[in-house]
Amino acid sequence: LITPNLFSLELFFVVGLFFSVNWNCELFVKMPKKSIGNFLKSAARQGKGVTEEELKAKDKITPEDVLQLRAPTKEYLCKTTDNAYGIEFTAFKLRDMDSGNILFDVEAPEDAEFTPPSEDDDDSGRFVQYKFSRQFFSLHTVGASITFIVGEKPVPNFRMIERHFFRNKLIKTFDFDFGFCIPESKNSCEHIYEVPNLSKAEVDDMVANPFETRSDSFYFVEGKLIMHNKAEYAYE
């Protein structure tokens, strides 16, 4: 499901649908004064709302733009070649903090080479479908570790906004500010998620409607969209 040359962050943040987050990061970055864990923006910030078509007509898509989307996108809002910074996600591990069991662990080979994006790229490397057991909802605390590398250019104000929807209803928005990333650096973070109470009806609805839970992950440098990944989720 995941190609080594474009490791997707969506699996990492799927747990964010149901968990509150604490940050435990080891990053080669210069962090801004604002908290890196500034997330869950109020729905009131969406304003009047914006359509996907309106955003695609813009020369530059900003964080404020995507925060106004009222549904998951049908297409991608940027090209793969817009990632001019060589940002590549290379490893992901998900663990149950209570038992220590590793739930998911994948890493690109050490000798894997980064392939620069080209105009000929298709979208298979930035879309993925995931299947989880219904028992996933019974976990209490989960730790998620992610590793990414940066190319030759410095990455100022690296920011990710992730929008999760069930059908066309916004479930939650996460807004993560990674700050300044040093050129040719390797960066690692672990996030700790605590499970809130979900009603049986909510869980049943998600289980009964596979792949109707969707997410858009938007990545920005200096306030401009440079990467866009999409995912769908099923629970069995």
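**Exercises on loops, cores and charge**

Glu 184 lies in the loop between β8 and β9 (186–194). Keep in mind that the model is predicted.

**Exercise 1.** Find what is unusual about the phi of Glu 184, then decide whether Glu 184 is buried or exposed.

*Solution.* Start with the backbone: Most residues other than glycine have a negative phi. Glu 184 is not a glycine, yet its phi is positive, at about 55°. Now turn to the surface. The relative accessible area of Glu 184 is 62%, and exposed means over 50%, so Glu 184 is exposed.

**Exercise 2.** Try the steps again with Glu 222: where does Glu 222 lie, and how does its accessibility count?

*Solution.* First, place Glu 222 in the loop between β10 and β11. Next, check phi: here too the value is positive, near 55°, in a residue other than glycine. Finally, Glu 222 has 44% relative accessibility and counts as partly exposed.

**Exercise 3.** Which element gives the most to the largest nonpolar core?

*Solution.* Begin with the core itself, which has 34 residues; Ile 87, Phe 89 and Phe 148 are among those with the most contacts inside it. Several elements supply at least two residues each, including β3 (88–96), α4 (200–208) and β11 (224–235). The top contributor is β11, with 5 residues. A second, separate core has 12 residues, including Val 50 and Ile 161.

**Exercise 4.** Which residues gather in a patch of negative charge on the surface?

*Solution.* They are Asp 105, Glu 107, Glu 110, Asp 111 and Glu 113. Take Glu 113 next: find it in the loop between β4 (102–107) and β5 (127–132). With a relative accessible area of 69%, Glu 113 is exposed.

Notes: Residues numbered from 1 in each chain as written. Predicted model: local features only at pLDDT ≥ 70, side-chain atom pairs only at ≥ 80, totals over all residues. Heavy atoms only, no water. Patch = residues over 30% accessible without salt bridge, like charges linked within 9 Å, V, L, I, M, F, W, Y side chains within 5 Å. Areas by Shrake-Rupley, 256 points an atom, 1.4 Å probe, with all protein chains shown as cover. Salt bridge = Lys/Arg side-chain N within 4 Å of Asp/Glu carboxyl O. Lys, Arg positive; Asp, Glu negative; His and termini not counted. Charge placed at Lys NZ, Arg CZ, Asp CG, Glu CD. Helix = DSSP H or I, 4+ residues; strand = E, 2+ residues; numbered from the N terminus. Buried < 20%, exposed > 50% of the residue type's maximum accessible area, 1.4 Å probe, protein only. Core = buried A, V, L, I, M, F, W, Y, C linked by side-chain atoms within 4.5 Å.
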